[in-house]
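Here are my notes for your first look at this protein. Keep the viewer open and check each point as you read.

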Amino acid sequence: MESTGPNAAAVAWLAAAAPDPEACRREWEQSAAGLTLLPAGRRWDVLSAPGMLGRPAARLLGGAPLAGGRGRAARSGPVLFDPGDDSVAFLVPVGTAARWVGTGLRGAGEGSWVVVPHPARRGPGPRWLVAPDGSGRLTDPMALELALHEAAAGLDGPREHR
């Protein structure tokens with residue numbers, strides 16, 4: 001995967017979370033899958049929701065593509081999608097996973113490792129719903145909590161949230 005152009009800042013930002021950023025970049029470049037393991041709890045934590053809850057929450061935050069291709073809003077930080085276990089993972093500020101009191105979400109903070117795709121990765125397997133842009137913007141936990149509540153309320157309601 002090429003680490004120049006618009007993705008260069010995103011690659012640099014993600015790789016900075018690695019114990020050895022250059023090794024992380026090499027792993028992405030040499031891996032046919034375009035995946036590497038990065039530690040949570042250094043630059044960001046991760047909160048993972050089941051897809052049926054996480055996808056509408058991402059849309060509500062404005063991070064995932066809106067129906068009809070109407071663009072994205074900037075209320076979300078990077079968001080991962082893993083079709084293997086149908087989960088949506090939000091990158092949130094460090095310490096959020098340890099403080100999160102809601103049920104049904106998995107947290108990954110200090111001491112956890114996360115499979116992270118190259119920002120330009122497309123295709124099957126883990127991929128970005130909202131790729132990092134290199135700015136360091138993360139999803140605000142309060143906004144995420146509200147989006148998750150609204151998404152959960154919509155699971156039995158109108159189909160527009162699905």
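1. Start with one strand, β4. Ser87, Ala89 and Leu91 point one way from β4. Val88, Phe90 and Val92 point the other way. Both sets are buried. A general rule helps here: in a regular strand, side chains alternate between the two faces of the sheet. Before going on, note that this is a predicted model.

2. How many residues of β4 are buried? Six of the six are. The strand is therefore largely enclosed by the rest of the structure. The cut-off for "buried" is under 20% relative accessible area. For the protein as a whole, buried residues make up 44% of the 162 residues.

3. Now look at the partners of β4. Strands pair through backbone hydrogen bonds, either parallel or antiparallel. Strand β2, residues 45-50, is joined to β4 by six bridges, and the two run antiparallel. One position to find is Pro50, whose bridge partner in β4 is Ser87. Strand β3, residues 79-82, also pairs with β4 in the antiparallel sense, over four bridges. There, Phe81 stands opposite Val88 of β4.

4. Zoom out to the sheet. In what order do its five strands lie? The order is β5-β2-β4-β3-β7, in an open sheet with antiparallel pairing. The edge strands are β5 (106-108) and β7, and each of these pairs on one side only. Direction ignored, neighbouring strands of this sheet are turned by 30° against each other on average.

5. Check the turn before β4. β3 and β4 form a hairpin, with four residues between them. Asp86 lies in this loop. Asp86 has a positive phi of about 45°, although it is not a glycine. Is Asp86 buried, partly exposed or exposed? Its relative accessibility is 31%, so Asp86 counts as partly exposed. Compare that with Ser87 in β4, which is buried.

6. Turn to the first two helices. The axes of α1 (residues 8-15) and α2 (residues 21-30) come within 9 Å and cross at roughly 125°. That angle makes α1 oblique to α2. The crossing of α1 past α2 is right-handed.

7. Which residues make this helix contact? From α1 come Val11, Ala12, Leu14 and Ala15. From α2 come Pro21, Cys24, Arg25 and Trp28. By type, the residues of this contact are seven nonpolar, no polar and one charged.

8. Ask next what covers α1. Its buried residues are Ala10, Val11, Trp13, Leu14 and Ala15. Val11, Leu14 and Ala15 also take part in the contact with α2. The cover over the buried residues of α1 includes α2, but also strands. These strands are β1 (35-39), β4 (87-92), β6 (113-117) and β7 (127-130). Thus β4, a member of the open sheet, also helps to cover α1.

9. Finish with the overall layout. There are five helices and seven strands. From the N terminus on, the elements run α-α-β-β-α-β-β-α-β-β-β-α. Now take the contacts with a separation of 6 or more: 74% of them are between residues 24 or more positions apart. The contact of α1 with β4 is a case to look at in the viewer, as β4 helps to cover the buried residues of α1.

Terms used:
Residues are numbered from 1 along each chain as its sequence is written. This is a predicted model: local features need pLDDT of at least 70, side-chain atom pairs count only at pLDDT 80 or more; totals for chains, interfaces and linings use all residues. Side-chain values use heavy atoms; hydrogens and water are left out. Axes are lines fitted to C-alpha atoms, for helices over the stretch in contact, and angles run from 0 to 180 degrees between N-to-C directions. Angles under 35 degrees count as roughly parallel, over 145 as roughly antiparallel, 65 to 115 as roughly perpendicular and the rest as oblique. A crossing is left-handed if the near helix is turned anticlockwise from the far one by less than a right angle, and right-handed if clockwise. Contact means heavy atoms within 4.5 Å. Ala, Val, Leu, Ile, Met, Phe, Trp, Tyr, Cys and Pro count as nonpolar, Asp, Glu, Lys and Arg as charged, and the others, Gly among them, as polar. Buried means under 20% relative accessible area, exposed over 50%, partly exposed in between (1.4 Å probe, protein chains only). Two strands pair if DSSP finds at least two bridges between them.
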